[in-house]
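Me: I have a model open and I'd like to go through the reasoning behind its labels. Could you take my questions one at a time?

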Amino acid sequence: MMDEQPCLIVCAPIGRRALALLRQDWEVVELPADPQALASCPPELARRARVIICTITLRVDAAVLAMFPGLSAISNVAVGYDNIDLAAAARAGVAVCHTPGVLDQSVADLAFGLVLCLARGIVRHDRFVRSGQWLRQAAPLMTELAGKTLGIIGMGRIGIQVARRAATFGMDVLYADAREMPAEAGAIAARVDMDTLLQQADFLSIHVPLTPQTKMMIGPRELRRMKPGAYLINTSRGEVIDEPALIAALSEGRLAGAGLDVAWQEPLPPDHALLALDNVVVQPHVGSATRESRHAMIAMAVENARLAMAGRPPLAMVPAQAVSQQ
Ligand code: GLV
């Protein structure tokens, strides 16, 4: 097996330049970036694959890993890695690489953009004008951000950037996070427990990875604890929220609105219950979808792959403790 020509599999839209760079040193095989691409990879190719570059839409579980006996690394073009079974990868000796740090500003822009959009009804008012309602009535009054409280769940790299933006708008910022925090977090936001955060936040923004601990962390109980009339913003993963419970809270008016870049089902079908709600602003999972972030993510994922192909330590490997947390 090891005498066969090794190859690198790319199931992600990384662009012609990145492909050309990889092809200077390695045989590169492109597969479609669809969820079944790895499971239906021809065995001859799977045997020769040493590194796979992929996105979070591809599930890499124990069965998929078993098809790739010579694999040394998976390079996710994403900061998240919940699409990969980390324990199975560790057992198979496959390093899991990701792209932390290069998308924080873009995701924070979108999260805070959703805060601003909900507070001032920017999307709602656009619909108001386009539908001709402005000809008949005045637009509803909305909410000023200064003096309101933003609650952040997960004060990591992205949470800190969101806190910075909120502070600039005169908001009070609170956060809850079980981890040790850098001094920087304390300088812009006050740490509270989760219950206090839920009860005091006018806007609550979620910035945690999806793990068994964070899955459904915002359920019916948490939604009931939230301040009546508060707004919920989620740019992390859909599964951290109990979506039917959120839809109920929004329909009953217990929450004033939600800004969601992520959902249980992606892409969200146009007849989804969330889309029937006027107080929800949705985005097509585009937190990192800026030219700046995507170019940097691709560059980092490609470098991770090149280093792994050369048998050297990649730039960013998923930390060892993440295996036990998944
Ligand atoms: C996007 O969702 C990412 O994890 O990078």
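Me: Where does His285 lie?

Reply: This is a predicted model, and in it His285 belongs to the loop that runs between strand 12 and helix 12.

Me: What makes the phi of His285 worth a remark?

Reply: Its sign: phi of His285 is near 50°, which is a positive value in a residue other than glycine.

Me: Why is His285 called partly exposed?

Reply: Buried needs under 20% relative accessible area and exposed needs over 50%. His285 has 22% relative accessibility, so it counts as partly exposed.

Me: Which other residue that isn't glycine has a positive phi?

Reply: Met216 has one, with phi near 60°. Met216 sits in the loop between strand 9 (203-206) and helix 10 (220-225). At 37% relative accessibility, Met216 also counts as partly exposed.

Me: How do you know whether the peptide bond from Glu266 to Pro267 is cis or trans?

Reply: Look at omega: the value for that bond is near -5°, and the bond is cis. Pro267 is part of the loop between strand 11 (255-260) and strand 12 (280-282).

Me: Let's go on to helix 12. How do you know whether its length fits the expected rise per residue?

Reply: Helix 12 (residues 291-309) has 19 residues. At 1.5 Å a residue the expected span is 27 Å, and the reach from the first C-alpha to the last is 27 Å, close to that expectation. Just after helix 12, Gly311 takes a positive phi of about 75°.

Me: Which residues of helix 12 are called buried, and what covers them?

Reply: The buried residues are Ser293, Met297, Ile298, Met300, Ala301, Val302, Asn304, Ala305, Leu307, Ala308 and Met309. Their cover includes strand 1 (7-11), helix 1 (16-23), strand 3 (49-54), strand 4 (73-76), strand 5 (95-97) and helix 5.

Me: What does Ile53 touch beyond its sequence neighbours?

Reply: Leaving out residues within four places in sequence, Ile53 is in contact with Leu8, Ile9, Val10, Cys11, Ala12, Ile14, Leu22, Ser75, Val77, Ala301, Val302 and Ala305. In the largest nonpolar core, which has 51 residues, Ile53 is also one of the four that touch the most other members, alongside Ile14, Met155 and Phe203. Helix 5 (residues 104-120) gives the largest share of this core, ten residues.

Me: Why do you say that this core lies between the domains?

Reply: Because domain 1 (7-102 + 292-324) and domain 2 (104-282) both give residues to this core, it lies between them.

Me: And how much do domain 1 and domain 2 bury between them?

Reply: They bury about 580 Å², with 42% of it on carbon and sulfur atoms. On the domain 1 side, Asp82, Gly101 and Ser293 supply 56% of the area buried against domain 2, more than any other three residues. In terms of contacts, eight residues of domain 1 meet five residues of domain 2. The C-alpha centres of the two domains are 32 Å apart.

Me: How do you know how many disulfides the structure holds?

Reply: A disulfide needs two cysteine sulfur atoms within 2.5 Å, and the structure holds zero. For Cys7, the nearest cysteine sulfur is that of Cys41, 7.6 Å away, and Cys7 is in no disulfide. For Cys11, the nearest is that of Cys54, 6.4 Å away, and Cys11 is in no disulfide either.

Me: Why are Cys7 and Cys11 called buried?

Reply: The limit for buried is under 20% relative accessible area. Cys7 has 0% relative accessibility, so it counts as buried. Cys11 also has 0% and therefore counts as buried.

Me: One last residue: what makes Gln199 and Met226 an interesting pair?

Reply: They are 27 residues apart in sequence, yet their C-alpha atoms are 4.9 Å apart in space. Gln199 is found in helix 9 (residues 194-200). Not counting residues up to four places away in sequence, Gln199 touches Arg225 and Lys227. With 39% relative accessibility, Gln199 counts as partly exposed.

Definitions and conventions. Residues are numbered from 1 along each chain as its sequence is written. This is a predicted model: local features need pLDDT of at least 70, side-chain atom pairs count only at pLDDT 80 or more; totals for chains, interfaces and linings use all residues. Side-chain values use heavy atoms; hydrogens and water are left out. Buried means under 20% relative accessible area, exposed over 50%, partly exposed in between (1.4 Å probe, protein chains only). A nonpolar core is a set of buried Ala, Val, Leu, Ile, Met, Phe, Trp, Tyr and Cys residues joined through side-chain atoms within 4.5 Å. Helices (H or I, at least four residues) and strands (E, at least two) are DSSP runs, numbered from the N terminus. Domain bounds come from an automatic or database domain assignment. Contact means heavy atoms within 4.5 Å. The expected span of a helix is 1.5 Å times one less than its number of residues. Buried area is the accessible area (1.4 Å probe) that two parts lose on being put together, summed over both.
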